[in-house]
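Okay, thanks for coming, everyone. I'll put the structure up on the screen, and then we'll walk through it together.

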Amino acid sequence: MGSQVSAKTNDKEQQLKKASKMAMVRALLPIVGLVVIFLLFNVLTDFRMMGNMSLAFSQVYVTMIAAMGVFFIMTMGGLDFSQGSILGIASIVVCILSKHGIAIAILGGIASGVIIGAINGYFYVYRKIKSFIVTICTMFLFRGFIKYMTTNAPVSGSATLINSTGFKVACTVVVLVIGFIAFRYTKFGTYLKAIGAGEKAAMFSGIRTDRMKFLMYVLAGALTGFAAFINVIKVGSVTSSGGNQLETQILIALVLGGMPISGGAKVRFENIVVGSLLYIVLNSGLTMMGFSTQMMQLIQGVVFLIFVAVFADRESLTV
């Protein structure tokens, strides 16, 4: 009898050690991947990539800020495919209002993102329609508005909007620091993980899950609305393709950063930063090597599938 108990104890210890090693591998793999891919592309491009890092990273600010909102949504088990359309609409609003002052332009961009996020949240939470269906519908709906608004000509921003790298870096750092503190050190992050791990259990523990889910879509819209201001600073105007494919970039970036698709307790805030940098380095490296758009999409798709296979939380997916 005692030998059986001892054997079971040893089995549990081995399983715990194995799980701990796997968790460590999952945590380190995106960072190692970032370093390896960065060094690989530098060697393959005769270190031209090193000299063009400022150009490469000029694309990361919008992705990183908008990805934080989607990160919160995915943590609680949801999805959002409307971020590109939100960015396009909010960028148009920012351009129009920029003639009345920067502060008004920022508030306008955030407000437009909040409205679209509230629409997503309402239909997902209160009308009980799956999040991916709702956000795909709003993606196409507002993409139509963007094309309508830019039919005759691109919508241009005010000349007072100066493309300052320091300002964009400062804005991104401030947003990330606030998000990190809220997610890591407050009940906010605990509630999101609890909902992602098991919504019914979270509800029974006293968390107002519907309210939390609705607010996360509103917050995601607000963050993308602010990212639209950074986008307008960078490009100066909005065309019919404004924000196009942003939702795909965000999803790939988060998965590359080690984000479990199912959300829950295994989510780490670092997924946003590492994943966004990894995506930008991968995309920039492939571009500098002269790959066609189709070949780049093929390579990115293969890498994406590999990371999904590694980071999928199968226990959550089978519940």
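Let me start with one residue, F188: at 17% relative accessibility, F188 counts as buried, because the cut-off for buried is under 20%. Before I go on, please keep in mind that this is a predicted model.

So what does F188 pair with? The partner is F72: the ring centres are 5.0 Å apart and the planes sit at 85°, so we call this pair edge-to-face. The two come from distant parts of the chain, with F72 in helix α4 and F188 in helix α9, 116 residues apart. F72 counts as buried too, because its relative accessibility is 3%.

Compare that with another aromatic pair, Y122 and Y126, which is tilted, at 6.3 Å centre to centre and 40° between the planes. Both of these tyrosines belong to helix α6, residues 102–126, and they are four residues apart, about one turn of the helix. In general, an α-helix has 3.6 residues a turn, so residues three or four places apart point the same way. Are they buried or exposed? Y122 counts as partly exposed because it comes out at 38% relative accessibility, and Y126 is partly exposed as well, at 43%.

Searching the whole structure turns up 15 aromatic pairs. There's also one aromatic cluster made of F71, F72, F180, F183, Y185, F188 and F269.

Now the core. In the largest nonpolar core there are 80 residues, and the ones touching the most other members are F71, F72, L254 and I272. Which helix gives the most to this core? That's α4, with 13 residues.

Look at F71 for a moment. Leaving aside residues up to four places away in sequence, F71 touches F183, L254, M259, V267, R268, F269, N271 and I272.

V70 is also in helix α4, and V70 counts as buried because its relative accessibility is 3%. With that same sequence neighbourhood left out, up to four places away, V70 touches Q83, A220, I250 and L254. The C-alpha atoms of V70 and D80 are 6.4 Å apart, and those two are ten residues apart along the chain.

Next up, helix α8, residues 165–185. Its 21 residues should span 30 Å at 1.5 Å a residue, and the end C-alpha atoms are 30 Å apart, so that agrees. Which residues of α8 are buried? They are K168, C171, T172, V175, L176, G179 and F183. Down the helix axis, the buried residues of α8 fall within an arc of 120°, so they line one face. Over on the other side of α8, I178 and Y185 are exposed. As for what covers the buried residues of α8, that includes α4 (60–75), α9 (187–197), α11 (209–235) and α13 (270–288).

Let me zoom out to finish. The protein has 15 helices and two strands. Of its 319 residues, 46% are buried. If you take the contacts with a separation of 6 or more, 81% of them are between residues 24 or more positions apart. The accessible surface is about 16200 Å², and carbon and sulfur atoms account for 68% of that.

If you take one picture away, take helix α4: V70 sits in it, F72 sits in it, and α4 gives the most residues to the largest nonpolar core.

Definitions and conventions:
Residues are numbered from 1 along each chain as its sequence is written. This is a predicted model: local features need pLDDT of at least 70, side-chain atom pairs count only at pLDDT 80 or more; totals for chains, interfaces and linings use all residues. Side-chain values use heavy atoms; hydrogens and water are left out. Buried means under 20% relative accessible area, exposed over 50%, partly exposed in between (1.4 Å probe, protein chains only). Contact means heavy atoms within 4.5 Å. Accessible areas come from the Shrake-Rupley method with a 1.4 Å probe; for residues, only the protein chains shown count as cover. The expected span of a helix is 1.5 Å times one less than its number of residues. The arc is that of the directions from the helix axis to the C-beta atoms. A nonpolar core is a set of buried Ala, Val, Leu, Ile, Met, Phe, Trp, Tyr and Cys residues joined through side-chain atoms within 4.5 Å. Rings of Phe, Tyr and Trp (its six-membered ring) pair if their centres lie within 6.5 Å; planes under 30 degrees apart count as stacked, over 60 as edge-to-face and the rest as tilted.
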